[in-house]
Amino acid sequence: MPRAPKWVFDTLDFFMSKLPHVEVVKAEYLSKTLKLIRIKGDFNDLALPVGAFFDIRVTDTDARRYTISGVDAEQNTLDLIAHIHGSGCGSDYIDALKEGDEMILNKPRTDQKYYEQTAEKTIFFGDETSLALACSFLPVIKNTGQYFHFIFELEEINHDIPRLLGFEDYSVYPKKGLFQNQEWLKESDLFKNIEWDDAYFVLTGNVKSVQTFRKTIKALFNVKTKGHGFWLEGKKGL
Ligand SMILES: Cc1cc2nc3c(=O)[nH]c(=O)nc-3n(C[C@H](O)[C@H](O)[C@H](O)COP(=O)(O)OP(=O)(O)OC[C@H]3O[C@@H](n4cnc5c(N)ncnc54)[C@H](O)[C@@H]3O)c2cc1C
């Protein structure tokens with residue numbers, strides 16, 4: 001529920017248990033439009049599979065989704081990576097967060113399955129909003145023999161961010177609607193460099209990119225997909 005009257009959120013908040021005392025211990029810009037938030041609290045009892053995310057109440061009447069990108073069990077910290085796009089209350093809320101701020105958080109949600117244990121090959125696609133989800137795969141990559149490749153469409157200022165975040169097997173494309181263009185996709189080098197048949201695709205980020213990419217690969221290859229659009233031009237909250 002991205003938007004609701006204040007009394008609805010107040011009532012839900014009254015009945016839903018909150019994570020005790022969560023504090024921002026790091027608030028760092030990775031670039032002009034990407035911000036890492038590290039929060040400290042008692043997260044020991046939480047199950048945090050790949051892609052666990054928070055529904056954060058960012059104003060009296062709005063909640064927005066942000067994925068847990070990393071967990072440090074020893075330090076009891078969780079990381080979030082947010083796209084600061086400047087056009088919404090979620091982006092503004094994260095932009096304003098600073099060290100020492102307290103955050104009121106419900107338990108993270110774990111109802112989306114992004115990681116497929118049986119897949120030999122996983123191809124991940126997304127944009128700035130997907131970087132946190134992509135990062136949540138990193139421990140899996142380290143601990144399994146599965147093949148992973150990450151495809152990002154990113155603003156130019158963020159082209160080096162995947163490397164900084166620790167990705168090795170990835171490709172970056174400019175964020176200028178390429179993945180919304182079926183003709184470009186069919187002709188692109190994407191389909192020449194990787195063996196796609198039988199791969200499992202996790203497609204996230206811009207809704208139109210997800211839809212077009214999914215349609216194209218389904219028409220060309222025998223693949224399984226998990227598509228989850230994270231935002232849509234002109235639509236508030238998703
Ligand atoms: C399961 C899930 C997990 C998510 N995890 C993350 C995450 O870890 N990090 C993250 O940054 N985002 C994440 N998102 C996406 C984020 O919740 C949306 O981008 C959300 O719309 C941001 O809210 P807002 O209030 O800033 O903008 P809104 O009020 O929702 O939208 C206002 C305007 O801004 C536009 N807009 C929204 N998002 C973007 C964007 N990224 N770029 C450009 N324009 C935009 C909208 O189209 C609209 O026109 C996730 C979404 C889902 C569903």
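In this predicted model, a polar backbone atom of G234 lies 2.9 Å from an oxygen atom of the ligand, and backbone N or O atoms of I81 and H83 also take part in contacts with the ligand, as the table sets out.

| Residue | Protein atom | Ligand atom | Distance |
|---|---|---|---|
| G234 | polar backbone atom | oxygen | 2.9 Å |
| I81 | backbone N or O | nitrogen | 2.9 Å |
| H83 | backbone N or O | oxygen | 2.7 Å |

On its own the ligand has 910 Å² of accessible area, and the protein covers 92% of this. The ligand sits in the largest pocket, where 27 residues surround the ligand, the closest being H83, H85, G90, L232 and G237. H83 thus appears both among these closest residues and in the table, with its backbone atom at 2.7 Å from a ligand oxygen.

Which elements build the shell around the ligand? At least two residues come from each of β4 (63–72), β5 (77–83), α2 (89–96) and β11 (224–231), and β4 gives the most, with four residues. Seen by domain, at least three residues of the shell are drawn from domain 1 (6–103), and at least three from domain 2 (121–231). By residue type, the shell divides into eleven nonpolar residues, eleven polar ones and five that are charged.

Conventions. Residues are numbered from 1 along each chain as its sequence is written. This is a predicted model: local features need pLDDT of at least 70, side-chain atom pairs count only at pLDDT 80 or more; totals for chains, interfaces and linings use all residues. Side-chain values use heavy atoms; hydrogens and water are left out. A residue is near a molecule or strand if one of its heavy atoms lies within 4 Å of it. A polar contact is a pair of N or O atoms within 3.5 Å; within protein, one must be able to donate a hydrogen and the other to accept it, and residues adjacent in sequence count only if both atoms are side-chain atoms. Accessible areas come from the Shrake-Rupley method with a 1.4 Å probe; for residues, only the protein chains shown count as cover. On a 1 Å grid over the protein atoms alone, a cavity is a set of points where a 1.4 Å probe fits but cannot get out, and a pocket is an open set with protein on both sides within 12 Å along at least five of seven lines; lining residues have an atom within 4 Å of a point. A molecule sits in a cavity or pocket if more than half of its atoms lie within 2 Å of its grid points. Ala, Val, Leu, Ile, Met, Phe, Trp, Tyr, Cys and Pro count as nonpolar, Asp, Glu, Lys and Arg as charged, and the others, Gly among them, as polar. Domain bounds come from an automatic or database domain assignment.
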